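I opened my notebook today to look at strands and charged pairs. Here is what I had on screen.

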Amino acid sequence: MDKNLFKPTKLKQLCEKYQLRPSKQYGQNFLISESVIEKIIKAGDLKKNDTVVEIGPGFGVLTFAMAPLVKRVIAFEIERRLDEYWQKNKSENVEIIWGDALKRLTAYGLRLKPGYKVVANLPYQITSQVLRVLLEQENKPESITVMVQKEVGERIVAKPGDMSLLALSVQYYGEPKIITKVSKGNFWPEPKVDSAVFTISKISRVSKFTDEEFFRIARAGFANKRKQL
């Protein structure tokens, strides 16, 4: 991996070359800390035969770190201007799926063998939507390891009494755990908030309810937060 990708100067050069600006719309903040990458990979518990799904690879600082460790990396990227970059730089076991991950994940997930893992530095604006798509689809991942806004991560792991609908939704399917906090200085451009790496393990669904029934009841409960069921 080109360790210059951890340098803002290199990232600025690449953005200029490919006519990109880090998008606020997509919540793009490039990770520039090698130690954080190492923590994400360790938390993902990657094995040589794993297939890993990544959302928003950008210039690939996480992708390039994972590729030598696993069988296959499938990365969903919305920015088509990076097509030339990835044609030049990706290894044989890296596949780039172009388009909106929120629209393509479910259909593509059905083509994956059970047991795949998700590891990603998620664009902040689509965190809850991505988690919902991953956890509600028929072919769920074995585990999810992602970087999110710290406050979002803390809400997801909240205990009963402090839970939001997002927390309940995630904990319905698996066991979330914050692995480490990541200060905003580890990104370029520097965001306004700190981040957190968290995992969702033991992903399954064991309930006498169908998903639709369960979430209909849950949404009704959270619609009136100051009342009790």
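By about how many helical turns are Glu154 and Lys150 separated in helix α7? I should say early on that this model is predicted. I looked along helix α7 (residues 150-156) and found that Glu154 and Lys150 are four residues apart, so about one helical turn separates them. Their side chains meet in a salt bridge, at 3.9 Å from N to O. I noted that Lys181 joins Lys150 and Glu154 in a network of salt bridges. Glu154 is partly exposed at 34%, and Lys150 is also partly exposed, at 26%.

Next I turned to helix α4 (residues 83-89), where Glu84 and Lys88 are four residues apart. I found a salt bridge between Glu84 and Lys88, with the closest N and O atoms 2.9 Å apart. Lys88 is exposed at 53%, while Glu84 is partly exposed at 42%.

Then I asked myself: which parts of the chain does the Lys117 and Asp50 pair link? I saw that Lys117 forms a salt bridge with Asp50. Lys117 sits in strand β5, and Asp50 in the loop between α2 and β2, 67 residues apart. Lys117 counts as buried, with 4% relative accessibility, and Asp50 is buried too, at 10%. My search of the whole structure gave 11 salt bridges.

Last, I traced the sheet: seven strands, open, in the order β4-β3-β2-β5-β6-β9-β7, with mixed pairing. β4 and β7 stand at the edges with a single partner strand each, so one side of each has no neighbour in the sheet. I also checked β3 and β4, which pair in the parallel sense over five bridges.

Methods: Residues numbered from 1 in each chain as written. Predicted model: local features only at pLDDT ≥ 70, side-chain atom pairs only at ≥ 80, totals over all residues. Heavy atoms only, no water. Pairing = 2+ DSSP bridges. Helix = DSSP H or I, 4+ residues; strand = E, 2+ residues; numbered from the N terminus. Salt bridge = Lys/Arg side-chain N within 4 Å of Asp/Glu carboxyl O. Buried < 20%, exposed > 50% of the residue type's maximum accessible area, 1.4 Å probe, protein only.
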